[in-house]
Amino acid sequence: MPIIAKDTKKVFTPAPSGVHSGACCDVVDLGLQTTPWGEKPQVELRFQLGKSDADGRRYLVLRRFTNTLSEKGNLRPFLESWFGREITDKEAEEGIDLEDVCLSIPALLQVVHVESQGKVYANIKTIMPLPDGYPAVTVEGYTR
């Protein structure tokens, strides 16, 4: 029996730009990835927004990081902005279980559109804790 592969040309609608409430729905270990600075361990944080597309599916936005809590990296300041506090040197040395501290935690996300190779992508520009009185988003219909 033949195994046929073809291009399905799926239409992708990026999340709208602006400020949205969301929640972390997944933490993905991408393993070692080739970067301009050599191979680095990478991790991807995925967030489900409280807003849905025309088909009723929640928008998904993500951001990739080198998996390090170095002050020179991007992950540590991102987490500090989200948690609303600094990560202590002790926490950084001992390590943080990203699944424990991130999954299902609500956030306020600024989503920006970036065009690359003729396509528009929705990227997370900034993150902060969900302000008091803002409705929290719970993850729905996402399978890890």
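Is Ser 104 buried or exposed? Select Ser 104 in this predicted model: the residue is exposed, with a relative accessible area of 52%. Its place is in the loop between helix 3 and strand 4. Check the backbone there as well, since Ser 104 has a positive phi of about 70° although it is not a glycine.

**Whole chain**

Zoom out to the full protein and colour by secondary structure. The protein has 3 helices and 5 strands, and from the N terminus on the elements run β-β-β-α-α-α-β-β. Along the principal axes, the C-alpha atoms fill a box of roughly 55 × 45 × 30 Å. Switch on a surface: about 9700 Å² is exposed, and carbon and sulfur atoms supply 50% of that area. Of the 144 residues, 29% count as buried. Among contacts with a separation of 6 or more, 52% are between residues 24 or more positions apart.

**Strand 1 and its partners**

Select strand 1, residues 18-35. With strand 2 it pairs in the antiparallel sense over 12 bridges, and these two strands form a hairpin with 2 residues between them. To find the register, pick Val 28; its bridge partner in strand 2 is Glu 44.

Now add strand 4, residues 106-116. Strand 1 and strand 4 also pair in the antiparallel sense, over 6 bridges. Here the residue to pick is Val 19, whose bridge partner in strand 4 is Gln 110.

Follow strand 4 into the loop that leads to strand 5, where Gln 117 is found. Gln 117 has a positive phi of about 50° and is not a glycine. Its relative accessible area is 81%, so Gln 117 is exposed.

**Helix 1**

Select residues 75-83, which make up helix 1. Which residues of helix 1 are buried? They are Leu 75, Arg 76, Phe 78, Leu 79 and Trp 82. Look down the helix axis: these buried residues fall within an arc of 160°, so they line one face of the helix. An α-helix has 3.6 residues a turn, so residues three or four places apart point the same way. Step past the end of the helix to Gly 84, which follows helix 1 and has a positive phi, near 70°.

**The nonpolar core**

Next, show side chains in the largest nonpolar core, which has 24 residues. Those with the most contacts inside this core are Leu 45, Phe 47, Val 61, Leu 79 and Trp 82. Two or more core residues come from each of strand 1, strand 2, strand 3, helix 1, helix 3, strand 4 and strand 5.

Centre the view on Val 61. What is Val 61 in contact with, leaving aside its neighbours within four places in sequence? The list is Ala 15, Leu 45, Arg 46, Phe 47, Leu 49, Leu 109, Val 111, Ala 122 and Ile 124.

**Two cysteines**

Finally, select Cys 24 and Cys 102 and display the distance between their sulfur atoms. Why is there no bond between them? The sulfur of Cys 24 is 5.2 Å from that of Cys 102, the closest cysteine sulfur, which is too far for a bond; a disulfide requires sulfur atoms within 2.5 Å. Cys 102 is accordingly in no disulfide, and the count for the protein comes to 0 disulfides. Cys 24 counts as buried at 0% relative accessibility, and Cys 102 likewise counts as buried at 0%.

How values were computed:
Residues numbered from 1 in each chain as written. Predicted model: local features only at pLDDT ≥ 70, side-chain atom pairs only at ≥ 80, totals over all residues. Heavy atoms only, no water. Core = buried A, V, L, I, M, F, W, Y, C linked by side-chain atoms within 4.5 Å. Buried < 20%, exposed > 50% of the residue type's maximum accessible area, 1.4 Å probe, protein only. Helix = DSSP H or I, 4+ residues; strand = E, 2+ residues; numbered from the N terminus. Contact = heavy atoms within 4.5 Å. Pairing = 2+ DSSP bridges. Arc of directions from axis to C-beta. Areas by Shrake-Rupley, 256 points an atom, 1.4 Å probe, with all protein chains shown as cover.
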